[in-house]
Every structure is written in structure tokens, then in C-alpha cells.
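Reader: I have this one open and don't know where to start. Can you take me through how some of the helices pack?
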Amino acid sequence: MSNQNDPLFQPHHLGELALPNRILMSPLTRSRSSQPGDIPNDMNARYYQQRASAGLILSEATQVSPQGKGYAFTPGIHSQEQIEGWKKVTGAVHMAGGRIHMQLWHVGRISHPDLQPNGEKPVAPSAIKPEGAKTFISADSGMVDIPEPRALEIAEMTDIVEQYRQGALNAKEAGFDGVEVHAANGYLLDQFIKSGSNHRTDEYGGSVENRLRLPLMVVEAVIDVWGKDKVGVRVSPTGSFNAMDDDNPAETFGTFARHLNDLGIAYIEVVEDSFQGNHANGRPEEVIDAIRAGFKGTYIANGAYTADEARKRIDEGRCDLVTFGRPFIANPDLPERFRQNAPLNDWDDSTFYGGDEHGYTDYPTLIELEKSA
Ligand code: 8OZ
């Protein structure tokens, strides 16, 4: 197939941002920030720069506040040092001709007192322990159980919104091209959205509209900072990772999609399938239909896509863009590989989280492979 007709290489406009291809890099937690302080470093900048040929890079999940942290070694965007560290990343990506959004993250209950300010309990919509969910709190802690969180008071909701607003402001200072609000995978906003984790009886729980209230307040605050064209939201309607469950994902996420459409954001990224856990067998077509019916902006599909499945679903109008995670970890030049239909490097899952350059910046490009052959 010539490049000209390949759906993956049709340009796409995301607001003002012109994407040269539809092969995006997923947000990927790699747990390699500098300590102490959870600060992005030169090695992180090099890793992102190597992947700048992506249509758009979505940064790894980045905590908007100390309370929003849930794992050791993930980066933050709440201190000046972190902002300076992220400038290295955005500068390196832009220097290589790429584009990058920051993913704004608050983990909610997926944390541990050892990671929280003053050893406090992690916060959540309701005091419900995520059964079976785990995190790690230090290099030698191994995976540890997550305890029961504390339910947020109504008066704290504005503080949560301000944490995101400040994160959005800081991301701007750090030189990003936009932001993605992380409302997926069992973290704070997903905990509010889904019925299994939100048992509140006030205006932040119960009906779908109530469960969506805080997430929509957050998105509005982020739009205030960035403008609607530069904001996206990630959701995982059928994801079960982190002990998640919703009693009617099509209704819940169809409704969320309509509200996000009214707010006019640039995109929704949907985790349709995940190695971390999904209820559905195959892609949840009914939920995808509900989201597509409600949201007229860019639909970004995610989850175990191959290049050919991505081409097919773009052709069929099931999605506009596709994010690739594990293939992008192992193939810094993924778009070029797809263009040539070249073989892919395999990923090494033992180096996904934490560590050094190994399994991070040392995956070879095609050109490097040819040179060493
Ligand atoms: C894997 C390990 C830790 C965090 C997500 C931010 O699932 C994550 C994450 C993934 O969105």
C-alpha cells in the first residue's frame, strides 16, 4: 500500500495542531523520574524525543498534586523543579519536530498512606477498598495492598478542581501543546464516574449526572486554562483494572460523551481493551456507539491495536486516530515501521516500570538495526 492511501498516514487536525499521521503514542507509566521530587530528567527527555515521529505523544500519567500520587517514581507537575524537568522533555520533542500533550492525573484511592502527605489516607468518592488492587511505595517494597480510602467531603471538591487547574497551568508553563485529563483506569475521576466505586448520596453520586459532576468541573477548569481545542479526556468504560465496575457503561459513557461534546473539547481517547483488565470480550461496540453518538470531536481508539486493525477501523469510521502503547515502548520509530510494514521489536515487560535506560531508551530503530547488521 502506498503511503498516500494508507489511512494511518492521512493528516488530521486536532484543533490547531496538525498531526502528520494517525499513529499516536499512548500515555505510558514508566516510573523513571528523578528522586527525590518525582522530577523528569534528561533520560526521560531522550525517551520521548526518540518517539517524536508519533502523530502526537501523550505523556505518561503525571500527578497534579502530592495527594494525587499513587506510585513511587511517577512524575509530578506541581513543583517548579518538575516544571523545569518537563521543559527538557517538551523542548526535546519539539526540537525533533514532534507534538506532546501532558496527561493530568490524580489517583484517588489507588495510593497508600506512605505516599501521601502526612501519611494520610488516600481520598476517594466513597470509603471503598479496591479489592485486589496494588501499588508499590518504594524500590524495594514490591507490590503492596491498597487500604480503604477516606471519602472526600463536599467542601473538598473545589480543592480537587484547583489541583487540576494548577496542574494545567504548570503544564502550560512547561511547554506542552495541550493536555489530556486522565479519567480512566480506576483513578480518581473514573472512581467518581463508575457506579461500583461511587456510593455517594449527595450531588456527587447516585445518578449518572451526579457521578459526572466532579469530572466535568475538572474538565471545565482545564478548558479555562488551555482553551477547548487543546483538551482531551481519556476514559475506560469497560475497564476492570483497579477493581472497577459500572452497571451501565453505554449509558454512563454515552452521557459523559454528550457533556464533553457540549464543552467542545478536542478529543476523547477510549481504552477499548487493555492488558490490565477488561470486562468485555473484544471491543465494546455498543459502548463505542454510544460515545460516537454523543461526541462529534476526534475519537482516539486505544487497546491492543495492530497497524492493520487500526487501518481497518479508521477506514470503517470507527475511530479517527489510534494510540499505541507497548509497540511504542519497543519501537521508537513505530510510524516508519508501519509505513514500511517492517517487523517490530518485541517489548520486554520486565522493564516497563522503573529502572534505567535498559528497556527504555535502548530499543533500536530500523536504521540502527541496519547499521549493526
Ligand atoms: C500501570 C502502572 C501504574 C499506573 C494507568 C497510570 O493505567 C496508569 C498506570 C499503569 O493509567
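Author: Start with helix H5 (residues 208–226) and helix H6 (residues 249–263), which pack at an angle of about 30° with their axes 10 Å apart. Axes are lines fitted to C-alpha atoms, for helices over the stretch in contact, and angles run from 0 to 180 degrees between N-to-C directions. Helices are DSSP runs of H or I, at least four residues, numbered from the N terminus. This is a predicted model: local features need pLDDT of at least 70, side-chain atom pairs count only at pLDDT 80 or more, and totals for chains, interfaces and linings use all residues. Residues are numbered from 1 along each chain as its sequence is written, and side-chain values use heavy atoms, with hydrogens and water left out.

Reader: What does that make H5 and H6, roughly parallel or roughly antiparallel?
Author: Roughly parallel, a label for angles under 35 degrees, while those over 145 count as roughly antiparallel, 65 to 115 as roughly perpendicular and the rest as oblique.

Reader: Which helix comes within 9 Å of H5?
Author: Helix H3 (residues 157–173), measured axis to axis in the model, crosses H5 at roughly 30°. That makes H3 roughly parallel to H5.

Reader: And the residues there, by class?
Author: The contact of H3 with H5 has 14 nonpolar, no polar and three charged residues. Ala, Val, Leu, Ile, Met, Phe, Trp, Tyr, Cys and Pro count as nonpolar, Asp, Glu, Lys and Arg as charged, and the others, Gly among them, as polar.

Reader: New topic. What does Val222 touch?
Author: Among others, Leu104, Tyr164 and Val231, not counting residues up to four places away in sequence. Contact means heavy atoms within 4.5 Å.

Notes: Helix = DSSP H or I, 4+ residues; strand = E, 2+ residues; numbered from the N terminus.
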